[in-house]
Amino acid sequence: MAKNQKKRNKKYTGVNAKPSTNTVRVHKVNAVVRSKSGQWAHEHRKLIKRVGIAVLIVGVIVFLIVNSIMTSK
């Protein structure tokens, strides 16, 4: 009678291993005391950045138009 081989019970952790789904993710959170306007600015940071870029582009275009009108006279 042949001897039974031991079954592998260790998970494969090589390069091609399937990522584990039961990992614990830790998020670092800091509490900061802000004024009402500062809290609003923190919450709407993306919007403020996009509006600022748009205003800058419009300002440069207006400056170029006004500058070309002044030099043509």
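How many helices and strands does the protein have? Show the whole chain as a cartoon and you will find two helices and zero strands; both kinds of element are DSSP runs (helices H or I, at least four residues; strands E, at least two), numbered from the N terminus.

Before you go on, note that this is a predicted model, in which local features need pLDDT of at least 70, side-chain atom pairs count only at pLDDT 80 or more, and totals for chains, interfaces and linings use all residues. Residues are numbered from 1 along each chain as its sequence is written, and side-chain values use heavy atoms, leaving out hydrogens and water.

**Whole chain.** Zoom out: the C-alpha atoms fill a box of roughly 105 × 40 × 10 Å along the principal axes. The radius of gyration is 31 Å, well over the 11 Å that the globule rule gives for 73 residues, so the protein is more spread out than a compact globule. That radius is taken over C-alpha atoms, and the rule is 2.2 Å times the number of residues to the power 0.38. Of the 73 residues, 0% count as buried (under 20% relative accessible area; exposed is over 50%, partly exposed in between; 1.4 Å probe, protein chains only).

**Lys3.** Now select Lys3, in the segment before α1 (36–43). Lys3 is exposed, at 79% relative accessible area. Add Gly52, 49 residues along the chain from Lys3, and the two C-alpha atoms are separated by 75 Å.

**Ile57.** Finish at Ile57 in helix α2 (residues 45–72). Is Ile57 exposed or partly exposed? Its relative accessibility is 49%, so Ile57 counts as partly exposed.
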